[in-house]
Amino acid sequence: MATNAPQDQNPTAGGVVEPAKPKTEKELEKERKAAEKKAKFEAKQAKLAAAKKEQAAKPKKEKKEKEAKKEEAVPEYVEETPKGEKKILKSLDDPAYKSYNPTVVESAWYDWWEKEGFFKPEFGPDGKVKPEGVFVIPAPPPNVTGALHIGHALTIAIQDTLVRWERMRGKTVLFLPGFDHAGISTQSVVEKQLWKQEKKTRHDLGREKFIDLVWDWKDEYHKRIKNQLKRMGASYDWTREAFTMDENLSAAVIETFVRLHDEGIIYRDNRLVNWCCKLNTTLSNLELETEELTGRKFLSVPDYDEKVEFGIIVSFKYQIDGTDEFITVATTRPETMLGDTAIAVHPKDERYTKYVGKFAKHPFVDRLLPIVADDYVEMEFGTGAVKITPAHDPNDFAIGKRHNLEFINILNDNGTFNENTGEFNGMKRFDARKVVIQKLKDIGHYVSTEDNPMTIKTCTKSKDVIEPLLKPQWWVSQKDLAEEAMKAVREGQIKIRPAVSEKEFFTWLENIQDWCISRQLWWGHQAPAWYVYLDDEEHGNVPGEDITRWVVGQDEQAAQKKADEKFPGKKITLVRDPDVLDTWFSSGLWPFSTLGWPKDTSDFANFYPNSVLETGWDILFFWVARMVMLGIKMTGSIPFKEVFCHSLVRDSEGRKMSKSLGNVVDPLDVINGTPLQALHDKLLAGNLDPKEVETAKKYQKTAFPDGIPQCGADAMHFAFCHYTTGGRDINMDIKVVDGYRKFCNKMYQATKFAMMRLGDGFVPRETAATTGKESLVEKWILHKLNKAAQNTNKSLEERNFLVATDEVYRYWLYEFCDVYIENTKPIIDAGTPEQKRSAQDTLYTALEGALCLIHPFMPFVTEELWQRLPRRAGDATRTICKARYPQFTPEFDSPESESAYDLVFQVIKNTRSLAAEYGLKSDMEVHLLGNDATTVATLKDQQGSIQALVKGISKLTVLEKPEDVPHGCAASVLGENCVVYLLVKGRVDVDAEISKTQKKLHKVVESRKRTEKSMQSKDYKAKVKPEVQEMDQKKVQDLLAEEKTLEELVKKFEGLRA
């Protein structure tokens, strides 16, 4: 229905229209401003639309032919080289070779390297290690559970760099590859797959068939991982490839177990273990994750539909037997009260003295609990009375031993309660928790539930909450082994880098506990131990509980012999322990089992101890410490001379790599490039739940909005070496890796250009020795190569990969590409035949040196380019892998040439900058002022070179006196010894130049004052290094010289204005 009500009136609930309230002055002003703003916006939009329309009406300008010409589509590269043959090198003019393409450059080389045996150790003519020495790195064996991730790429980058470097230094080098059977990890993933595909468990298949299934899995993923390793360029000697369950490595495990058992170092004991109910196996402390809770929190637990409450402490009371009195206790795990066998109080706690020696009555099972006095109890904590569950708590276990208490296990292996829990028998542990609390309430024994900080331990594989459980297992006594390991490090036999890792090594070994090596798995090395049943004892083909009945042997026959000796005259039946050994037990033998031990082999004689063990700091305790302990014990010698612990790779946001976060990256995705959708698709192929998939996708969209660009193996290899700073973590950003791909292209194009300058018929001289006829720039580049070689070798020896990569990067980009190639153009183009030949010889030496220098960091592109260079007479080297690594050469050392050409190059740069600043491109008059005889001599000698390299100079003079500088020049100061002047009189605005120069002068003065103030501070001379003080002093002198020059310039410009 129509209404005549004004638009600013509103109908009320009753349908009556009320007049609008008059607006305030403030509201009216606000509306006015809004209207103005709207009008301005609309006017701007109209203006933009009109301009767009006008532009559209104009005829489009013809683009230059160069811009209009579309790039020819490069056909997909197809490698024509037969597998294993030397790569067929096509012309660099071929479309596929016009620019750097990792697919093209990295193809074919690895197969050839491997087939030709370039990665095998090279011995001397006598069959012995070469005089240069031996270098051995055992590769940390990746698990055969799936594919490698980007963390493995870091490991390989560091190890392969060291290996290739030492190989080029002429040593006998072994880079030994291998794989780990990874007991828990592999069995877990195969069991999940079996259930997912067939809805079967391993028990449905039986042990033998299940093991066959795991071997099939191993074979499939072994091939996948091996392909990844080869694509990354890892120069392993594949003829010596090892697997922890190979025949000889298994023999090493048995030999070690038997010997250590015979010496009493391995023993059987019924002790508390970390039990994973989900995986049904024991775990070591190192295989657990801990979460610190500040209070109540609900956590997801496998096989529970609802989250479970943790971070609480429940108080309840026990009735004193035969009385109406109660004693109150508190626990964070109320369900364990079903296994309580005592209550402990402090002997000096007067509140409970009268109860010591009496009993409390258990409310749910027929059990009396003795009340004992023990100093372990803290009187001030909680009620001062502690429930004791010896079979399910480490601290209670110790009290139980001291007071000879009953140890009652209440858990089945799958996490359900057993017959010792009465009416709770068969109930799941965390379901029982809720029922126990409710029943305590029902009988009036419940007191309270409060928030409580606590630590939760979970299995790293299944995420199940760990249960302390009493189990008879095999243990390794480690205290004496640890003492020997620490002694080796303290005495310098083994060096651990960085220092923080060495400190952690000692911290862990000083507090070491015995190691439980039993695992209730089927995949792995079955313990070489047999349980002895005597006469006609029933056994059901499972071992018994009597720890004195075990015998250990190399095989069942040896075990039978020991049993006969141990129990003479008895009828003996042997039952083998079904458990396997902890994966880290076999991995701990890796440095020597891979070389043939316990056999006496030539490899063991030549390559043990290993040179370097390189790995992540996170497995320093899992693996490194155990290798040191077992190596010394079993071989009598240290397993390696050096341990280098690298950082952990995290994502660009600093988070740990996790499939659920979507930040786990396959190295091949970085090498090949991968679209975003493909990354999303990989998430669906795993076992993530839908929420985790969405979280992971969100990160991938942020980190890789356009997918992962194709970077190539070389760029990734170099990036990870450069990332290795000695810190704990690396936040990997794909943009950094992509940046080094661009650097590869720079190298590629520079080499192509250099080869063009050399010419097709160029034959290098027999040696790189100097002739004495080299120009200044040639001496300069040879000195820079020499310096880069010296510093890179030193840095690699010190394991300073950041500095090493900086050195080779600087030489390639800023010295060879930006300076030498550019600055030899005038000599090669217009020099005498002798000058041209000398420049070309030096160009060859500088380029070959550059390729060899960077080869350990970038193996593929360097081989591709090196193979295209002509060889020196008598040089039969077939691959850059075996070329000599650049070393310090005394005759190349020329600091005076470096200083002189650094000056010349700086003059060229500053002259170009001045010209650009003033917009001058031709007819330029340049004056160079030298303030000492050496500078003047250098400038005069290089005058022609400078003029040739700065386009547009019509006049260039070298001056010795400031008063000779003509009026009307702009200046650029190169320290206290040289100034570049560019005549700008009549070509610029004088007033503007005065203003500009005064601003420069102000900045220079402020900079000098700041430096001087810093130098005058109280502790400057005591705290600042002498070399820094020297640099500061020079800086002040340079700034003073610049001040003086700028002040004179202002005066001269003012003279022009007058």
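Here is a short dialogue on reading helices, strands, cores and domains in this model, which is a predicted one.

Q: Let's start with the big picture. Into which domains is the protein chain divided?

A: The assignment gives domain 1 (288-469), domain 2 (649-710), domain 3 (729-893) and domain 4 (923-1055). To get a feel for the layout, take the C-alpha centres of domain 1 and domain 4: they lie 81 Å apart.

Q: Now helices. How many residues does α12 have, and what does it reach from its first C-alpha to its last?

A: The usual check is span against length, at 1.5 Å a residue. Helix α12 (residues 479-490) has 12 residues and reaches 16 Å end to end, close to the expected 16 Å.

Q: Which residues of α12 are buried, and which are exposed?

A: Buried means under 20% relative accessible area, and exposed means over 50%. By that reading, Leu481, Ala482, Ala485, Met486, Ala488 and Val489 of α12 are buried. Those six sit on the same side of α12, because they cover an arc of only 155° around the axis. Turn to the other side of α12 and you find Lys479, Asp480 and Arg490 exposed.

Q: What covers the buried residues of α12?

A: The cover includes two strands, β18 (467-476) and β19 (495-497), plus two helices, α13 (499-510) and α18 (620-635). While you're there, look just after α12: Gly492 takes a positive phi of about 85°.

Q: On to strands. What's the general idea behind pairing?

A: Backbone hydrogen bonds pair the strands of a sheet, and the pairing is either parallel or antiparallel. Strand β12 (residues 342-345) lets you see both kinds. With strand β15 (residues 385-388), β12 runs antiparallel and shares four bridges. With strand β14 (residues 368-373), β12 runs parallel, joined by three bridges. Ile343 is a good residue to click on: its bridge partner in β15 is Lys387, and in β14 it is Ile371.

Q: Are the faces of β12 covered or open?

A: Both are covered. Ala342 and Ala344 are buried on one side, and Ile343 and Val345 are buried on the other.

Q: What order do the strands of the four-strand open sheet take, and which stand at the edges?

A: The order is β6-β5-β18-β20, with antiparallel pairing. The edges are β6 (281-283) and β20 (515-516); each has a single partner strand, so one side of each is left without a neighbour in the sheet. Zooming in, β6 is joined to strand β5 (residues 266-276) by three bridges, and Asn274 has Leu283 as its bridge partner in β6.

Q: Which members of the largest nonpolar core touch the most other members?

A: Out of 176 residues, those are Ile150, Phe720, Trp812, Phe816 and Tyr901. Setting aside neighbours within four places in sequence, the contacts of Ile150 are Val649, Met657, Val665, Pro667, Val670, Met716, Phe720 and Met732. There's also a second, separate core of 66 residues, with Ala485, Met486, Ile512 and Val643 among them. You've met two of these names already: Ala485 and Met486 are buried residues of α12.

Q: Last one, a single residue. Is Ala559 buried or exposed?

A: Ala559 is buried, with a relative accessible area of 0%. You'll find Ala559 in helix α14 (residues 556-566). Not counting residues up to four places away in sequence, Ala559 touches Trp530, Val551, Gly553 and Leu574. For a long-range ruler, try Arg868: 309 residues along the chain from Ala559, with 64 Å between their C-alpha atoms.

Note on methods: Residues are numbered from 1 along each chain as its sequence is written. This is a predicted model: local features need pLDDT of at least 70, side-chain atom pairs count only at pLDDT 80 or more; totals for chains, interfaces and linings use all residues. Side-chain values use heavy atoms; hydrogens and water are left out. Buried means under 20% relative accessible area, exposed over 50%, partly exposed in between (1.4 Å probe, protein chains only). Two strands pair if DSSP finds at least two bridges between them. The expected span of a helix is 1.5 Å times one less than its number of residues. The arc is that of the directions from the helix axis to the C-beta atoms. Contact means heavy atoms within 4.5 Å. A nonpolar core is a set of buried Ala, Val, Leu, Ile, Met, Phe, Trp, Tyr and Cys residues joined through side-chain atoms within 4.5 Å. Domain bounds come from an automatic or database domain assignment.
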